[in-house]
Amino acid sequence: MTESLLDAPPQQALVLEAVSKTFPGMRALDDVSFAIHRGSFHALLGGNGSGKSTLIKILAGVYQGDPGGTIRARGESVDPQATTPAWSRRAGIRFVHQDLGVFGAMSVAENLFSGHPYPRTRIGAVGWRSMQAEAARVLARHDIDVDPRRSMADLRPAEQTLVAIARCLMDADEGGVELLVLDEPTARLPPTEVEELLAALDRYVAGGLSILYVSHRLSEVVEHADTITVLRDGRHVTTRPADGLTRAELATLIVGSRSQIAAKRATRTIGSDVVLRVEGLRSGPVHDVDLTLHAGEIVGLAGLVGSGRTHLVETIFGVHRPREGRVSLRGRPLRPGSVAAATDAGLAYVPEDRAAHSAFRSLGLDMNLSAADLHRYRRGWLRRPPELADAQADIARFAIRTPGVRAPFAQLSGGNQQKAVLARWLRRSPVALLLDEPTQGVDIGARAEIYAQIEEAVDRGTAVLLVTSDLDELLHLSDRVAVISRGRIVDEATGDRITRDWVGSRMFDAHQEES
Ligand SMILES: Nc1ncnc2c1ncn2[C@@H]1O[C@H](COP(=O)(O)OP(=O)(O)OP(=O)(O)O)[C@@H](O)[C@H]1O
């Protein structure tokens with residue numbers, strides 16, 4: 001008989017034993033057991049739909065698990081069916097989600113104190129001075145070099161994340177914090193700020209805090225985690241030291257077959273056929289942008305958050321009407337500010353927050369997959385057999401984990417929703433395709449497939465404009481990279497000139513030079 005994790009000496013911050021969770025038609029967690037040691041940087045990995053968020057939600061008391069297992073934290077054991085937010089706080093578990101839950105319009109000090117009692121003066125008014133002084137002490141203790149009076153919206157993304165973490169850790173009540181759960185904290189950070197956050201996390205761990213770190217970015221995990229747990233289809237695959245594991249080995253553990261890390265795209269000769277031409281575009285924060293995309297070319301658009309990259313892509317697609325300049329597709333100017341005209345001409349756009357902006361949440365997965373080319377599948381409301389067959393092929397190709405081809409879209413995990421919207425657009429062969437963060441939140445297995453599908457579309461002549469914060473992805477896919485800073489294209493490079501250092505320094509230097 002295997003020894004119970006609960007019999008082990010109590011140097012663990014958290015022990016899970018036989019935790020399960022069943023949704024109608026889907027066992028999201030199946031008998032999962034593992035422990036997180038005190039002072040450990042513990043990564044929780046798994047493909048899309050493998051059960052990571054479900055596990056976190058049970059720990060937060062937002063979901064309850066199936067009856068029968070045990071969760072032990074701070075010496076207190078609870079049945080997974082009985083977790084509550086109050087239990088979670090008592091157990092010293094705190095959460096920082098991707099959406100940080102900070103208030104942009106408020107000061108850093110007010111953000112730190114949100115959820116905590118504001119300091120009061122003797123007559124009971126809010127003690128703003130003592131709040132600022134206390135906030136300054138908290139920031140100094142956490143090595144965060146920002147003025148507590150600054151507005152939260154003015155902070156860099158990594159600084160905002162650090163303030164959100166400091167706010168969680170301010171809880172001296174109820175015995176302090178034992179375990180900090182971070183859900184893909186670097187997914188929305190520009191590459192130049194990722195290391196800054198990870199270094200801060202390393203310092204917390206060295207100070208004795210335990211971190212449970214959910215990420216699809218394997219290089220971060222290999223470099224920073226000391227222990228990894230892998231879930232696959234709701235089941236526990238392994239918990240082991242991260243030391244010595246390579247990205248390829250991790251990918252194999254996650255996917256369950258040979259590593260699927262795609263090889264760098266071969267340098268290709270691009271034709272001279274201009275497909276998309278942007279001339280003198282001015283719109284919102286975007287100034288005087290000239291850009292051309294050739295048939296069969298992938299142009300990466302690299303820029304910091306706030307550089308205007310998303311606004312530029314949206315203006316090209318007709319979401320915003322430009323003040324000046326024009327966009328032409330295959331030599332024909334597009335009607336300014338018209339998404340319908342852009343779509344009719346053969347332009348496609350997959351936005352960053354696609355699950356929110358381009359999905360039909362209450363409709364089935366099959367209908368979401370065919371929404372871009374319904375005319376091929378429908379006569380009125382009559383379905384044609386290929387619709388379901390094509391949906392099934394996409395589900396297999398992108399490994400979309402779903403209880404069925406018609407399951408409501410809203411019930412898919414975040415990464416599976418993203419795969420579905422992307423699969424929908426890749427089914428068509430648009431003249432030009434604008435992609436904003438195409439693989440954010442997508443697992444390593446599907447990523448290789450998505451790259452292969454993008455490359456297939458490009459080989460058929462589609463031109464792609466790719467916005468991505470993931471440097472590996474930018475380097476992997478781009479034939480040419482244009483750097484955007486403060487709404488202007490400041491540099492471009494092709495071939496061997498596109499290196500990690502070049503992209504990082506151009507993005508950052510251009511920003512600094514103009515400050
Ligand atoms: N409210 C729900 N109703 C029905 N099924 C659900 C619900 N929430 C999650 N599921 C299913 O449970 C499984 C696990 O989902 P979960 O969100 O935990 O995955 P994940 O590992 O966090 O994935 P991702 O990396 O995509 O965020 C998925 O197949 C999902 O479809």
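Here is a short conversation between two colleagues about the predicted model above.

Colleague: Happy to look at this with you! How many helices and strands does the protein chain have?
Modeller: First, some housekeeping: residues are numbered from 1 along each chain as its sequence is written. This is a predicted model, where local features need pLDDT of at least 70, side-chain atom pairs count only at pLDDT 80 or more, and totals for chains, interfaces and linings use all residues. Helices (H or I, at least four residues) and strands (E, at least two) are DSSP runs, numbered from the N terminus. On that basis the secondary structure comes to 17 helices and 22 strands.

Colleague: Thanks! Is Leu197 buried or exposed?
Modeller: Leu197 lies in helix H6, residues 191–206. A residue is buried if 20 or more other C-beta atoms lie within 10 Å of its own, exposed if 12 or fewer, and partly exposed in between, with C-beta atoms placed from the backbone. Leu197 has 20 other C-beta atoms within 10 Å, so the residue is buried.

Colleague: And how does Ala393 in helix H13 count, buried, exposed or partly exposed?
Modeller: Helix H13 covers residues 385–397. Ala393 has 14 other C-beta atoms within 10 Å, so this residue is partly exposed.

Colleague: Which residues of strand S8 point the other way from Ser210, Leu212 and Val214?
Modeller: Strand S8 (residues 210–214) is mostly covered, with five of its five residues buried. Ser210, Leu212 and Val214 share one direction, and the residues pointing the other way, also buried, are Ile211 and Tyr213.

Colleague: Nice. Which residue in S8 is the bridge partner of Asp183?
Modeller: Two strands pair if DSSP finds at least two bridges between them. Four bridges join S8 to strand S3 (residues 41–46) in parallel, and there Ala43 stands opposite Tyr213. Strand S7 (residues 179–183) also pairs with S8 in the parallel sense, over five bridges. Within S8, the partner of Asp183 is Val214.

Colleague: Where does the largest nonpolar core lie?
Modeller: A nonpolar core is a set of buried Ala, Val, Leu, Ile, Met, Phe, Trp, Tyr and Cys residues joined through C-beta atoms within 7 Å. The largest has 67 residues, and Leu112, Ile211 and Tyr213 have the most contacts inside it; S2 gives the largest share, seven residues. Domain bounds come from an automatic or database domain assignment. Both domain 1 (11–92 + 178–255) and domain 2 (104–175) give residues to this core, so it lies between domain 1 and domain 2.

Colleague: Which strands stand at the edges of the open sheet of four strands?
Modeller: The order is S12-S11-S14-S15, with antiparallel pairing. Two strands each have a single partner strand, so one side of each is left without a neighbour in the sheet: S12 (286–294) and S15 (332–333).

Colleague: Last one! Which domains does the ligand lie between?
Modeller: A residue is near a molecule if its C-beta atom, placed from the backbone, lies within 6 Å of it. Of the 19 residues around the ligand, Ala28, Ser53, Thr54, Ser413 and Gly415 come nearest, and strand S2 (26–37), helix H1 (52–60) and helix H14 (414–427) each give two or more residues to the shell. Residues of the shell come from two domains, so the ligand lies between domain 1 (11–92 + 178–255) and domain 3 (274–514).
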